[in-house]
Amino acid sequence: YIYNTAARQKEKMFDWLDCDINGSNVNSFGILEDGRLAVTYQDWESGDGGLVLLKKTPYAEVPQKRQIVVGTLSSGSDMQAAAVRFNKSNDEYHVSVREYIDRNSWTSESYTDAISRLNADIASGNSPDIIDLTSLNTERLAELGAFEDLSPYLDKSTVLSRDDMIENLLDAYTFGDELVSIPDSFSLRTIVGSAKQVGEKKGWTIDDMIAFAKAHPDAVLFDSMARSYMLSNCLEYNIDSFIDWNSGTCSFDSDEFKKILEFASGFPDANDITYDDVSTPEKISNGQVLLYMADFYDLEEIQLYKEMFGGEVTAIGYPNSDGGAGCILDTRSCFAISSKSEEKDGAWKFIESFLSREDSGYRFGFPNSKSKLDQMVKDELDVRYVTDENGDFILDENGEKIPEQGGHGVGYGNWFYEYRVPTREEIDQILELIDVARRTSEGDDKVMTIISEEAEAYFQGQKSVDEVAGIIQSRVSNYVSENS
């Protein structure tokens, strides 16, 4: 931008991406005497860096490409880098990014307003060619025909292979017979507990969790858990059982939902929670805390939870209506092609380029590819030992060889754990979770806001559970009806 200090106004000069520069990597820039812009940049991931000179040039003199617009709430460095790489390598198409959050004018409503604007554009003739699905209600938009089916593109691809894709990921984004997105990577979220206490079978219902809590009156389910957060956790994997978007109906006045409200009310208010110097792992170890909300980003994490619980653990999962595994598939970089796009082939070329990029080592979590996941497993199990400059093994204080894997740890207050090479059995536990994990509904922030707002009156003793359930039913029914 050029900023006029007298008028206190800014004027946009250009977007870095229009010049095939990742703005996240720009170190400095300045205007030379001849009017050119000198830009220094450094990409710390790829090691690329240097100086770029930009010259203001009439549009008609610039080689013209067919434009592809990616719509996203907020683009990260990864997306910018992918767009730059694609633009430099493709002579036919140019990718630009349309951000719906104005980071220079942030307010408390910026995020929800951005989602509304993006949804409005998707429904209109102003839809981006490629849509970042972050925080959107993918299922509802798919039912409205907002997305192109990617199956024909994937089946014809010479770069990506359907057979090599993790089936759970494709299933998570298949609605009806249409594949609307292929996630780039993913992680897992679940609840773990001692196998001796919760059993070895994955999955439980709200009734099971309530019974488990009653069976251990001298302990708490979770450390420092506020009732508002407990309510959210009970609905995390369960919200779909109370809403039918197809028929536009919901059942928040049911006994099942009232049971969840009553259960959550037994937890303390957030303002009443006091914190001490005893870490959560220590409380788990001494039996004060029964469960832990676990995240799995790699193949090592299960051993951390085994150490916390002092033995084998079970990923019992978030409670849900059918007692299923309750493991949440947290996907990343999910792009769909708008059914209104006039550049569908070019949009697919960019998605294909993004998913097949070589710098996949920087992806967070697990890859979307079976072969790459298999390689992760192989790398973990292929124990390599630290050697000196002569190739001799370096030994620890006990005279044992030191594995290259491991050697890093995590601390919680006074509690510390140093990772070791995982066992085949531990890795298999993670792979089993991947097989049963599923995506939860996105884009229902408004529903959860309504529930949280109204539930507070019951938690504070101002209204009965029946009154609050009735109000939630009315408000959410109106919202669902308007948006179905």
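Reader: Where is Leu 51 found?
Author: Happy to start there, and please keep in mind that this is a predicted model. The residue belongs to a strand that spans residues 49-54. Leu 51 is found in strand β5.

Reader: Is Leu 51 buried or exposed?
Author: The relative accessibility of Leu 51 is 59%. A residue is called exposed over 50%, so Leu 51 counts as exposed.

Reader: Which residues make the nonpolar surface patch of about 270 Å²?
Author: Leu 51, which is exposed, is one of the members. The patch of about 270 Å² is made by Leu 32, Leu 51 and Leu 53.

Reader: Turning to the interior, which residues touch the most other members of the largest nonpolar core?
Author: In soluble globular proteins, nonpolar side chains tend to be buried together. Here the largest nonpolar core holds 80 residues. Those that touch the most other members are Phe 147, Ile 182, Leu 188, Phe 296, Tyr 305, Trp 348 and Phe 366.

Reader: Which helix gives the most to this core?
Author: The helix in question covers residues 344-355 and supplies 6 residues to the core. That top contributor is helix α12.

Reader: How many residues are in the second, separate core?
Author: This second core is separate, and its members include Cys 250, Phe 263, Phe 267 and Ile 328. Its size is 47 residues.

Reader: Which residues does Trp 348 touch, not counting those up to four places away in sequence?
Author: Trp 348 is among the residues that touch the most other members of the largest core. With residues up to four places away in sequence left out, Trp 348 touches Leu 150, Tyr 153, Leu 154, Ser 157, Leu 160, Ile 182 and Ile 337.

Reader: What kind of aromatic pair do Phe 296 and Tyr 305 form?
Author: There are 19 aromatic pairs by the rule used here. For Phe 296 and Tyr 305, the ring centres are 5.5 Å apart and the planes meet at 75°. Planes over 60 degrees apart fall in one class, so the pair is edge-to-face.

Reader: Are Phe 296 and Tyr 305 buried or exposed?
Author: Phe 296 has a relative accessibility of 0%, and Tyr 305 has 4%. The cut-off is under 20%, so Phe 296 counts as buried and Tyr 305 also counts as buried.

Reader: What is the angle between the planes of Trp 415 and Tyr 417?
Author: Trp 415 is buried at 11% relative accessible area, and Tyr 417 is buried at 8%. Their rings lie 6.5 Å centre to centre and form a stacked pair, with an angle between the planes of 20°.

Reader: Which residues form one aromatic cluster with Phe 86?
Author: The cluster is built from Phe residues, one of them being Phe 86. Its partners in the cluster are Phe 335, Phe 350 and Phe 354.

Reader: How many residues apart are Asp 184 and Arg 357?
Author: The side chains of this pair meet in a salt bridge at 3.1 Å, N to O. Asp 184 sits in the loop between β10 and β11, while Arg 357 sits in the loop between α12 and β18. Asp 184 is buried at 2% relative accessibility, and Arg 357 is buried at 5%. Along the chain, the two are apart by 173 residues.

Reader: Which strand holds Asp 330, the salt-bridge partner of Arg 189?
Author: Arg 189 and Asp 330 meet at 2.7 Å, N to O. Asp 330 is partly exposed, with a relative accessible area of 22%. Arg 189 lies in strand β11, and Asp 330 lies in strand β16.

Reader: Are Arg 227 and Asp 269 buried or exposed?
Author: These two side chains form a salt bridge at 3.5 Å, N to O. Arg 227 is in helix α8 and Asp 269 is in the loop between α9 and α10, 42 residues apart. Both Arg 227 and Asp 269 are buried.

Reader: Which residues do salt bridges that share partners join into one network?
Author: The salt bridges number 24 by the rule used here. Those that share partners join Lys 306, Glu 312, Arg 420 and Glu 426.

Conventions: Residues are numbered from 1 along each chain as its sequence is written. This is a predicted model: local features need pLDDT of at least 70, side-chain atom pairs count only at pLDDT 80 or more; totals for chains, interfaces and linings use all residues. Side-chain values use heavy atoms; hydrogens and water are left out. Patches are made of residues with over 30% relative accessible area and no salt bridge: like charges are joined within 9 Å, nonpolar side chains (Val, Leu, Ile, Met, Phe, Trp, Tyr) within 5 Å. Accessible areas come from the Shrake-Rupley method with a 1.4 Å probe; for residues, only the protein chains shown count as cover. A salt bridge is a side-chain nitrogen of Lys or Arg within 4 Å of a carboxyl oxygen of Asp or Glu. Helices (H or I, at least four residues) and strands (E, at least two) are DSSP runs, numbered from the N terminus. Buried means under 20% relative accessible area, exposed over 50%, partly exposed in between (1.4 Å probe, protein chains only). A nonpolar core is a set of buried Ala, Val, Leu, Ile, Met, Phe, Trp, Tyr and Cys residues joined through side-chain atoms within 4.5 Å. Contact means heavy atoms within 4.5 Å. Rings of Phe, Tyr and Trp (its six-membered ring) pair if their centres lie within 6.5 Å; planes under 30 degrees apart count as stacked, over 60 as edge-to-face and the rest as tilted.
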